[in-house]
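Visitor: I'd like a close look at just one part of this model: the pairing of charged side chains. Start with a single pair, go through it slowly, and then show me what is around it.

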Amino acid sequence: MPYQDLRAFLSALRTSGELVDITRPIALQYDVAKALAKTSASDGPALMFKDNGTAFPLVGGLYGNRKRALIAFEATGETIHERVTKAIDNPIGPVDFAGPAPCQEVVLTGDGIDLTKLPVPTYSPKDGGPFITAGIVVSEDPDTGIPDIGNYRFQLHDSKVLGVWAAPSHRFGKNIAKAVARKVPLHGAIVIGIDPMTAFACQVQVADTSNDWFVAGGLRGAPVELTKAVTSDLKVPAHAEFIIEFVVDSDDQRIEGPLGEYTGYYTAADPKPTAKVTAITHRKDAIFQGLLTGKPITENHVLKQIPFEASMLRQLKAQFPSISDLAITSSGGVQVYFVIAMTPRYEGEARQAILAAIASNPHPKWVVVVDPDIDIRNSSDVEWAMSFRVKPREDVFVVDRTAAAPLDPSTDGGYSSAVGIDATRPFGVEFPAVSEVPDWRTFDLPEIDRGA
């Protein structure tokens, strides 16, 4: 059974020792970020900050490591990609929630709206201010009415206004642009505190014409229950902790940023549209959520990795069935560095797979193909293949003027270039056998196993 809401997932994390309560006072300005950075660096648990200066507890680091991500998917490392691929191929549509929705147990409009009463952290002294980083935005295409859900950051400007950042290539950014062109208001809703499969659904790479609620339902194996928003016709998840309803104001541009992003670098402060909040609704005893972004590995990289990998693996395997696995590394922001495992069926197939990957979205600029005996999630193993299975002049090539990943600070004029490395054994040529101690992984050595 899927987790119905955030609370059910938190319960599972507590049971597995992956969630710890912090009951002493922790400041929203900088200290929350310090705690999340420390637990992330030590592969530690998610943290619940119960005394943060507001009436609401703040949870962070929910998806801070792959173990918690697998708990969310109720899968193993061996089954996860098949689990996600099957879900994408078997979408399930949403249903309307019957009765009053939990997410609207408390409704705040007009003078009751006050964003400053929410536990929104300021992560770094260089940040432009407090940022909502774990929000899932619900919006609709003004032309088609197709709903989109995606993770986007929002800077808290004042008690009723947020700063909006959405890349023009992202669906939310496209929806804003279409609304401006049509001269119609774009309503949106920030969903905070949701079941994990809906959160991961935001990262699945699908066409702009897809209805993301169907993707989320496929991942859940059950429909997402939706309810009508208070101040618009948008449908929002009924079991969310918080819903912040807003209207985008593209005429009221305010300085947004800086903020440390997935690349590990700060984005510049620039004028951006604003979101005028029209309502805040939440559950009784609601739980807010924070998310640390920045230099890999942080929580946003783990949140993206499994859906990105499964989406790309599904896409590439359709053309190259000899591909067995794919890693989109955290070190590359889960964006620009792919490692593909495959057994080439003919000479040059690895190069063809590299070119197909370079042409894909999220626009990698490093693509390495290795044989299936290489652990593609172990950088030392990949580097070993690159060291001893590559003739650089023959197996390394550069493709110029490729699309750039959003926010990549090294790009020039919106273009980049990409490097392909064929690190598979030479096709049809006898190659030395790998020197390896057989069966060492299963050898009984209680002196160091310690019951593992």
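Guide: Let's fix the term before we use it: a salt bridge here is a side-chain nitrogen of Lys or Arg within 4 Å of a carboxyl oxygen of Asp or Glu. Bear in mind, too, that you're looking at a predicted model. Side chains of opposite charge can pair when their charged atoms come close.

By that rule the structure holds 34 salt bridges. The pair to zoom in on is E241 with R7, whose closest N and O atoms are 2.8 Å apart. The two residues sit in distant parts of the chain, 234 residues apart. R7 belongs to helix α1 (residues 6–15), while E241 is in the loop between β13 (235–237) and β14 (242–256).

Now, how accessible is each partner, E241 and R7? E241 has 0% relative accessibility, and it counts as buried because that value is under 20%. R7 comes out at 27%, so it falls in between and counts as partly exposed. That gives you a buried acid paired with a partly exposed base.

Keep that picture and move to E309 and R66, another salt bridge, where the closest N and O atoms are 3.6 Å apart. This one runs from helix to helix: E309 is in α8 (residues 299–319) and R66 in α3 (residues 66–73), so the pair ties together parts that are 243 residues apart in sequence. E309 is buried at 0% relative accessibility, and R66 is partly exposed with a relative accessible area of 23%.

A third salt bridge joins D212 to R171, and here the closest N and O atoms are 3.3 Å apart. Again you can trace it between helices, with D212 in α7 (residues 212–220) and R171 in α5 (residues 171–182); the pair therefore ties together parts that are 41 residues apart in sequence. D212 is buried, its relative accessible area being 5%. R171 counts as buried too, at 11% relative accessibility. There's also a bigger arrangement to pick out: D158, D249, D252, R254 and K276 are joined into one network by salt bridges that share partners.

Back to E241 and what surrounds its loop. Strand β13, at one end of that loop, belongs to an open sheet of three strands in the order β4-β12-β13, with mixed pairing. β13 and β4 (95–96) are the edge strands; each has a single partner strand, so one side of each is left without a neighbour in the sheet. On the β4 side, two bridges join β4 to β12 (residues 225–228), and these strands run parallel. To find the register, look for D96, which stands opposite L226 in β12.

For contrast with those edges, go to β7 (residues 136–140). Four of its five residues are buried, so the strand is largely enclosed by the rest of the structure. β7 runs antiparallel to β8 (residues 147–151), with five bridges joining them, and E140 has P147 as its bridge partner. The two strands form a hairpin with six residues between them, and G145 in the turn has a positive phi of about 80°. β7 also pairs with β11 (residues 186–192), antiparallel over three bridges; there, V138 is partnered by A189.

One more sheet is worth a look. It's open and mixed, with four strands in the order β1-β2-β3-β18. β1 (19–22) and β18 (288–289) are at its edges with a single partner strand each, so one side of each lacks a neighbour in the sheet. Helix α2 (residues 31–41) packs on this sheet, touching β2 (46–49) and β3, and its direction makes about 160° with that of β2. β3 (residues 58–60) and β18 run parallel, joined by two bridges, and L58 stands opposite F288.

After all those charges, finish on a nonpolar spot. W384, F388 and V434 form a nonpolar patch on the surface, with about 310 Å² of accessible area together. F388 is in helix α10 (residues 379–388); its relative accessible area is 59%, which is over 50%, so it counts as exposed. Set that against E241, buried at 0%.

Definitions and conventions: Residues are numbered from 1 along each chain as its sequence is written. This is a predicted model: local features need pLDDT of at least 70, side-chain atom pairs count only at pLDDT 80 or more; totals for chains, interfaces and linings use all residues. Side-chain values use heavy atoms; hydrogens and water are left out. Patches are made of residues with over 30% relative accessible area and no salt bridge: like charges are joined within 9 Å, nonpolar side chains (Val, Leu, Ile, Met, Phe, Trp, Tyr) within 5 Å. Accessible areas come from the Shrake-Rupley method with a 1.4 Å probe; for residues, only the protein chains shown count as cover. Buried means under 20% relative accessible area, exposed over 50%, partly exposed in between (1.4 Å probe, protein chains only). Two strands pair if DSSP finds at least two bridges between them. Contact means heavy atoms within 4.5 Å. Axes are lines fitted to C-alpha atoms, for helices over the stretch in contact, and angles run from 0 to 180 degrees between N-to-C directions.
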